[in-house]
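Trainee: Before we begin, could you show me the model that we are going to read together?

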Amino acid sequence: MTASNRFLNRLLLIVTGLIAIAVGAFVGVSALAGDAGARLRDLVDPAASAVADAVDRTPLDPNGGTGGSWLPAALAALCLVLLIVFLVAVFRHGGGRTNRVVVSDDEAGSIAVSTSFADTAITDALERRRDIADVGVSAWTVNGRPALKVRVRVTAGSSPAPVVAAASDVVRGLDRVLGESVPVLVEVVGASVVKKGADSRVA
């Protein structure tokens with residue numbers, strides 16, 4: 001539940017990392033003395049010649065009236081587009097979290113209900129159960145409106161079905177208190193060996 005796409009984030013990091021590793025390895029090896037460095041330096045000369053030929057074949061004026069090539073301008077535009085994509089990815093990464101679950105505007109003013117209120121209400125209602133070891137609540141902006149993520153860790157051997165039913169009841173109660181229906185994602189994970197503070201019994 002973030003504003004950024006997890007797959008695109010990872011793909012961006014992988015591609016950037018591979019490019020950085022390849023460029024660093026090439027520069028490092030080509031600077032070495034010996035056969036390996038000499039071979040890489042020999043590879044650079046044909047590449048430089050190919051670049052010069054490409055520039056000659058892409059003139060700004062096909063009639064030869066003006067000098068220069070449109071190829072550097074196209075590469076600069078491509079780099080600018082990539083820079084914009086990187087900046088958007090950086091500013092969107094990890095975004096989407098909010099500290100308000102309800103914001104109501106009327107003539108008298110605005111009323112905002114903080115995420116901590118929902119956190120306290122849901123946690124207090126669920127953590128008393130022996131089949132629940134831990135409860136975590138966070139709020140995110142999804143499709144332009146706040147939504148809650150309730151992460152419930154069950155104790156070992158506990159069935160998730162009663163936990164989900166209890167969490168659903170608590171969420172419906174929260175909706176009645178807030179006077180507005182808030183989208184909720186309930187994530188059930190497990191399992192802890194024993195609930196903190198619970199007494200251990202042997203049958």
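Mentor: What follows is a short conversation about a core, a hairpin and a surface patch. This is a predicted model, in which local features need pLDDT of at least 70 and side-chain atom pairs count only at pLDDT 80 or more, while totals for chains, interfaces and linings use all residues. Residues are numbered from 1 along each chain as its sequence is written, and side-chain values use heavy atoms, with hydrogens and water left out.

Trainee: Which residues have the most contacts inside the largest nonpolar core?

Mentor: In soluble globular proteins, nonpolar side chains tend to be buried together. A nonpolar core is a set of buried Ala, Val, Leu, Ile, Met, Phe, Trp, Tyr and Cys residues joined through side-chain atoms within 4.5 Å, where buried means under 20% relative accessible area, exposed over 50% and partly exposed in between, with a 1.4 Å probe and protein chains only. Here the largest such core has 21 residues, and those with the most contacts inside it are Val101, Ile122, Leu126, Val135, Leu148 and Leu178. Helix 5 gives the largest share, six residues.

Trainee: In which sense do strand 3 and strand 4 pair?

Mentor: Helices (H or I, at least four residues) and strands (E, at least two) are DSSP runs, numbered from the N terminus, and two strands pair if DSSP finds at least two bridges between them. Strand 3 (residues 132-142) and strand 4 (residues 145-155) are antiparallel, with 10 bridges, and isoleucine 132 has valine 154 of strand 4 as its bridge partner.

Trainee: Is valine 23 buried or partly exposed?

Mentor: Valine 23, which lies in helix 1 (residues 6-30), counts as partly exposed because its relative accessibility is 48%.
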